[in-house]
Amino acid sequence: MTRGPSLFNRASVTLGLAFLYGPIALLVLYSFNASRLVTVWGGFSTRWYAALAQDDQMLDAVWVTLRVGLISASLATVLGVLAAFALVRSGRFRGRALFSGMIYAPLVMPEVILGLSLLLLFVALGLPRGFWTVTVSHATVTLCYATVVVQARLASFDRRLEDAAQDLGCTPFGAFLQVTLPGIAPAVAAAWMLAFTLSLDDLVIASFTSGPGATTLPMRLYSQVRLGVNPEINAVSTLLIAVVTLGVVAAGLIQRRRDLKT
């Protein structure tokens, strides 16, 4: 006879979920607060969403953040796939340890050190700080995460499929495009999503490497929070939560449809 979870387990799970999602629920609730005071409920209203639609500086920060995330995630994913192939398929080569160490260094290095190092690099090269310096910085930092995800999938990929494709007349590059890349596509997509999420969330590195006209959304939110919490911040945060939730639900539905077909 199987027994259900004990009262202690249920209470622990309930308290844990409340601790994690309670603040998020309050943030979403108070984004519809009519009062300017974020701690005083003044009735239901969508005034802060209307104010957000008219806030050009906030909208510009959102647009900059999305562009930086899309470009840096794509660049990091492409370089991550190439780096993963070099580590998995090239065997032992001179400089492999150094190459591997340079790829994985951002995983354990504090972001403050990374941001300062990138800032000193751009200053030494004489590059003006702006949109492209933030993009390159995010691609550099998220490259290691993309490499780890793709490398794990490549290590378990059956190379006999590539050999069979080449035996049937495919070139090595053709076998990569028609066999290997579709086989590791879920890992590549996961690497891109992870890189995009890290870029979207970054504050420290962007603060070091940004310049005029390259204010990202986390930087904008942080500068406003320092002056006082505005309910408009709750509104933009709620929209971000909604976008992430829709993405998770869509991914779950796609995966469920694939499972039903198989």
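This report covers the pockets, a surface patch and a salt bridge in the structure above. The model is a predicted one.

**Two pockets**

Start with the largest pocket. About 980 Å³ of space lies inside the largest pocket. Its lining counts 24 residues, and those closest to the centre are Met193, Phe196, Thr197, Leu200 and Val244. Four helices each give two or more residues to this lining: H3 (56–89), H9 (185–201), H11 (217–227) and H12 (231–261). Which helix gives the most to the lining of the largest pocket? That is H12, with 10 residues.

Now the second largest pocket. About 220 Å³ of space lies there. Helices H4 (96–108), H5 (111–125) and H6 (131–155) each supply at least two of its lining residues. Among the residues of this lining are Phe99, Met102, Leu114, Ser117, Thr140 and Cys144.

The table sets out the make-up of the two linings.

| Pocket | Nonpolar residues | Polar residues | Charged residues |
|---|---|---|---|
| Largest | 18 | four | two |
| Second largest | 10 | two | none |

Charged residues thus appear in the lining of the largest pocket, whereas the lining of the second largest pocket has none.

**A nonpolar patch on the surface**

Six residues deserve a look next. Val13, Leu17, Phe19, Leu20, Tyr21 and Ile24 form a nonpolar patch on the surface. Together they have about 650 Å² of accessible area.

Take two members of the patch. Leu17 lies in helix H1, which runs over residues 7–30. Tyr21 lies in helix H1 as well. Is Tyr21 buried or exposed? Tyr21 counts as exposed because its relative accessibility is 51%, and the cut-off for exposed is over 50%. Leu17 has a relative accessibility of 46%, so Leu17 counts as partly exposed.

Tyr21 also gives a sense of distance. Tyr21 and Leu121 are 100 residues apart along the chain. Their C-alpha atoms are separated by 40 Å.

**One salt bridge**

Side chains of opposite charge can pair when their charged atoms come close. How many salt bridges does the structure hold? It holds one. The partners are Asp158 and Arg160, and their closest N and O atoms are 3.1 Å apart. That distance fits the cut-off for a salt bridge, which is within 4 Å.

How open are the two partners? Asp158 has a relative accessible area of 30%, so Asp158 is partly exposed. Arg160 is exposed, because its relative accessible area is 63%.

Methods:
Residues numbered from 1 in each chain as written. Predicted model: local features only at pLDDT ≥ 70, side-chain atom pairs only at ≥ 80, totals over all residues. Heavy atoms only, no water. Patch = residues over 30% accessible without salt bridge, like charges linked within 9 Å, V, L, I, M, F, W, Y side chains within 5 Å. Areas by Shrake-Rupley, 256 points an atom, 1.4 Å probe, with all protein chains shown as cover. Salt bridge = Lys/Arg side-chain N within 4 Å of Asp/Glu carboxyl O. Buried < 20%, exposed > 50% of the residue type's maximum accessible area, 1.4 Å probe, protein only. 1 Å grid on protein atoms, 1.4 Å probe; cavity = no way out; pocket = protein on both sides within 12 Å on 5 of 7 lines; lining within 4 Å. Points joined across faces, edges and corners; volume = space filled by probe spheres on them. Nonpolar A, V, L, I, M, F, W, Y, C, P; charged D, E, K, R; others polar.
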